[in-house]
Each structure stands twice: as structure tokens, then as C-alpha cells.
Amino acid sequence: MDWLMLPNWPVFNVADMCIIGAAIVIILQSLRGVTLRGERISETTDESDA
């Protein structure tokens with residue numbers, strides 16, 4: 001049984017916790033400048049390419 005019932009808290013299950021956890025990780029990574037593909041967004045350009 002994956003339902004969790006804590007006192008003074010809504011009933012939730014493990015799948016709900018995983019969905020919320022994944023959303024939090026995606027938000028934190030986007031704030032750090034990491035795309036969904038795992039690449040970092042760089043605001044500086046590499047001058048050796050020019």
C-alpha cells in the first residue's frame with residue numbers, strides 16, 4: 001500500500017512524491033542554467049571559435 005497519511009497533512013502516495021520531486025529538480029536545474037539535455041547554457045562566447 002503506497003498511500004501515506006500523516007497527521008494534519010493531506011493523504012498522498014509515492015507517485016505524487018516522485019512527480020513533485022522531478023518538477024523541483026527540473027526547476028532547480030533550469031535556474032542553474034542546465035537544459036533538459038544536460039547541457040549548460042553559457043552566456044560567454046568562446047573567442048577561439050571566432
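**Predicted fold, confidence and local contacts of the chain**

The mean pLDDT of the chain in this predicted model is 79, and 80% of its residues reach 70 or more. Among the elements, H1 has the highest mean pLDDT, at 91, whereas E1 has the lowest, at 73. Where pLDDT is low, the predicted coordinates should not be read in detail.

The secondary structure consists of one helix and two strands, and the order of elements from the N terminus is β-β-α. Of the 50 residues in the chain, 8% are buried. The accessible surface amounts to about 4,900 Å², and carbon and sulfur atoms account for 64% of this area.

In the N-terminal part of the model, valine 11 is placed in the loop that runs between strand E1 (3-4) and E2. The relative accessibility of valine 11 is 47%, so this residue counts as partly exposed. When neighbours within four places in sequence are left aside, the contacts of valine 11 are with Trp3, Leu4 and Met5. Asparagine 13 belongs to strand E2, which covers residues 12-13. Asparagine 13 has a relative accessible area of 12% and is therefore buried, the cut-off for this class being under 20%. A polar atom of the asparagine 13 side chain is located 2.9 Å from the backbone nitrogen of aspartate 16.

Helix H1 spans residues 14-32 and includes glutamine 29; isoleucine 24 is also part of helix H1. A nonpolar patch on the surface is formed by Ile19, Ile20, Ile24, Ile27, Leu28 and Leu31, whose accessible area together is about 640 Å². For isoleucine 24, one of the residues in this patch, the relative accessible area is 45%, so isoleucine 24 is classed as partly exposed. Glutamine 29 is likewise partly exposed, because its relative accessibility is 28%, a value that falls between the limits of 20% and 50% for this class. The side chain of glutamine 29 makes a polar contact of 2.7 Å with the side chain of arginine 32. A separation of 9.5 Å was computed between the C-alpha atoms of glutamine 29 and arginine 40, two residues that stand eleven residues apart along the chain.

Glycine 33 is situated in the segment after H1. With a relative accessibility of 13%, glycine 33 counts as buried. Apart from residues up to four places away in sequence, glycine 33 touches Glu39, Arg40 and Ile41. Arginine 40 thus appears both in the contacts of glycine 33 and in the C-alpha separation computed for glutamine 29 of helix H1.

Definitions and conventions: Residues numbered from 1 in each chain as written. Heavy atoms only, no water. Helix = DSSP H or I, 4+ residues; strand = E, 2+ residues; numbered from the N terminus. Buried < 20%, exposed > 50% of the residue type's maximum accessible area, 1.4 Å probe, protein only. Polar contact = N/O pair within 3.5 Å; in protein donor to acceptor, adjacent residues only side chain to side chain. Patch = residues over 30% accessible without salt bridge, like charges linked within 9 Å, V, L, I, M, F, W, Y side chains within 5 Å. Areas by Shrake-Rupley, 256 points an atom, 1.4 Å probe, with all protein chains shown as cover. Salt bridge = Lys/Arg side-chain N within 4 Å of Asp/Glu carboxyl O. Contact = heavy atoms within 4.5 Å. pLDDT = per-residue confidence, 0-100.
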